[in-house]
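Let's take a friendly walk through this model, from backbone details to charged pairs and the core. Have the viewer open as you read.

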Amino acid sequence: FYIFWEIVLVPMYLIIGIWGGANRIYATIKFVLYTLVGSLLMLVAILATAFAFQAAHGGDWTGAFDFVALRQFATAGGGFEGALQLLAFGAFFLAFAIKVPMFPFHTWLPDAHVEAPTAGSVILAGVLLKLGGYGFIRWALSLYPDAAHTFAPAIIVLSLIAIIYGAIVALVQPDLKKLVAYSSVSHMGFVTLGIFVFQPQGMAGAILQMINHGLSTGALFLLVGIIYERTHDRAIAKMGGLAARTPVYAAILGFFVFASAGLPGLSGFVGEFLALVGTFAAFPWAAAIAAFVMILGAAYLLWMFQRVVTGEVSDFLRVLGSHLTDIGPVEILTLAPLGALVVAFGLFPGILLDTIEGTVTSTLADAATGSAIALDPLFVAIGLGLLATAIVVRVVTLPGAARAAAGPAGSGSQGAAG
């Protein structure tokens, strides 16, 4: 698992580093450093877990790196000591939280998405981000159930912050690609929220949300790439009136915008709804906050759609003349499978729910063997202080980041227009 976890960095490093945008080197190094730090700590946790396993079995290393044997020991064979669970889970959490990414470990994602070529952004959204959620479900809950229950309240709070923060920041983005990138932070917050409420509906909703997010957000990145190929610009302010010039493109964009916003009947609705149902069963206050923030999700997507598609044709698009062509047959065929799956999973979610039922049941059974570890109040206070500091830093730096984002977008737009 660890070897392939690291290997996935190589193709993304090459895709962004070779075929990325003007700041591709910065984005690539930031992406690799973030993920590598978490991965190295996870390697230490894996080795510590193996040492603890062999020590508990009289020095016998048989099964020390076997997930089935480790899982059996963790859930039915006495389990690992509380201190090891806390430290190892913390290391696994950091690796998976960076990959998801969760707040406040998300800052590599917008840069990577913006600088990556369209294919790279689709792979990031559709595959790479899901490795974090997979890691939580497959490894963290089963191997360290006590620590999972201990850290669950903090992770739920971080998930809610990610949902709120991602939606608010997406709302003010001037760049189409950055808007979709920050929407990923918000949508993936529902994944971690659903996992750590330890409810069947929440876990099933988290898995569905990972699949559905890959479909709808991957399609949105493809659509952003299509319009960028024609205009060489992603500034929302310059895209007004696309419906008059590219009506088929506008219709397809609207379909996937509604899918990403969670319109009932499309796949995005089912995952978020189940995650909220599971959250309401365990933490009604958290479900109320997440449900309210879903309004923001619809707001930033629909407002973007209104500014880009409706109204009179902008001067920028008018200057492009015949160079601005509607979406072509090959591009439609590329998006058609994604659209078909969005409708199929939205109308018939049982296709996926029946498939993942066994995984949901077994994972929650493993997690149910654990209970929260009593922590030193000083440790809790330090953790809350670090969380509060991270929130304050992000809020304070948000206006400057918005101005920095607007600057390159504006200059790039002027260059394309010229």
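Where is the place of His232? His232 sits in the loop between α11 and α12 (242–245). Keep in mind that this is a predicted model.

**Backbone details**

His232 is worth a click for its backbone: its phi is near 55°, a positive value in a residue other than glycine. Phe198 also has a phi near 55°, and it lies in the loop between α10 (176–195) and α11. Phe198 is buried, with a relative accessible area of 17%. As background, most residues other than glycine have a negative phi, and most peptide bonds are trans.

On the subject of peptide bonds, Val100 and Pro101 are joined by a cis one, with omega about -10°. Pro101 is found in the loop between α5 (82–99) and α6 (108–115). The bond from Phe103 to Pro104 is cis too, with omega near 5°, and Pro104 lies in the loop between α5 and α6.

**Overall build**

The protein has 19 helices and zero strands. Its C-alpha atoms fill a box of roughly 75 × 45 × 35 Å along the principal axes. A compact globule of 418 residues would have a radius of gyration near 22 Å, and the protein agrees with 22 Å. Buried residues make up 53% of the 418 residues. Among contacts between residues at least 6 apart in sequence, 83% join residues at least 24 apart.

**Charged pairs**

The structure holds five salt bridges. Three of them are set out here.

| Pair | Closest N to O | Burial |
|---|---|---|
| Arg71 and Asp366 | 2.6 Å | Arg71 partly exposed (23%), Asp366 buried (8%) |
| Arg234 and Asp175 | 3.3 Å | both buried |
| Glu331 and Arg230 | 3.0 Å | both buried |

Arg71 and Asp366 meet in a salt bridge. Arg71 belongs to helix α4 (residues 67–76) and Asp366 to helix α18 (residues 350–368), so this pair ties together parts that are 295 residues apart in sequence. Arg234 and Asp175 form another salt bridge. Here Arg234 is in the loop between α11 and α12 and Asp175 in the loop between α9 and α10, so parts 59 residues apart in sequence are tied together. Glu331 also forms a salt bridge with Arg230. That pair links helix α17 (residues 329–347), where Glu331 lies, to helix α11, where Arg230 lies, 101 residues apart.

Asp146, in helix α9 (residues 145–171), may catch your eye for another reason. Asp146 is buried yet has no salt bridge, and the nearest side chain of opposite charge, Arg71, is 14 Å away. Beyond its neighbours within four places in sequence, Asp146 is in contact with Gln85, Thr369, Gly370, Ser371, Ala372 and Ile373.

**Core and helix faces**

The largest nonpolar core has 129 residues, and Phe196 and Leu335 have the most contacts inside it. Helix α11 (residues 200–231) gives this core its largest share, 15 residues. Setting aside neighbours within four places in sequence, the contacts of Leu335 include Ala219, Leu222, Leu223 and Ile226, as well as Phe256. In soluble globular proteins, nonpolar side chains tend to be buried together.

Finally, look down helix α7 (residues 118–128), where Gly120, Ser121, Leu124, Ala125 and Leu128 are buried. These buried residues fall within an arc of 125° about the axis of α7, so they line one face of the helix. The face turned away from the buried side of α7 carries the exposed residues Ala119 and Val127.

Terms used. Residues are numbered from 1 along each chain as its sequence is written. This is a predicted model: local features need pLDDT of at least 70, side-chain atom pairs count only at pLDDT 80 or more; totals for chains, interfaces and linings use all residues. Side-chain values use heavy atoms; hydrogens and water are left out. A nonpolar core is a set of buried Ala, Val, Leu, Ile, Met, Phe, Trp, Tyr and Cys residues joined through side-chain atoms within 4.5 Å. Buried means under 20% relative accessible area, exposed over 50%, partly exposed in between (1.4 Å probe, protein chains only). Helices (H or I, at least four residues) and strands (E, at least two) are DSSP runs, numbered from the N terminus. Contact means heavy atoms within 4.5 Å. Lys and Arg count as positive and Asp and Glu as negative; His and the chain ends are not counted. A salt bridge is a side-chain nitrogen of Lys or Arg within 4 Å of a carboxyl oxygen of Asp or Glu. The arc is that of the directions from the helix axis to the C-beta atoms. The radius of gyration is taken over C-alpha atoms; the globule rule is 2.2 Å times the number of residues to the power 0.38.
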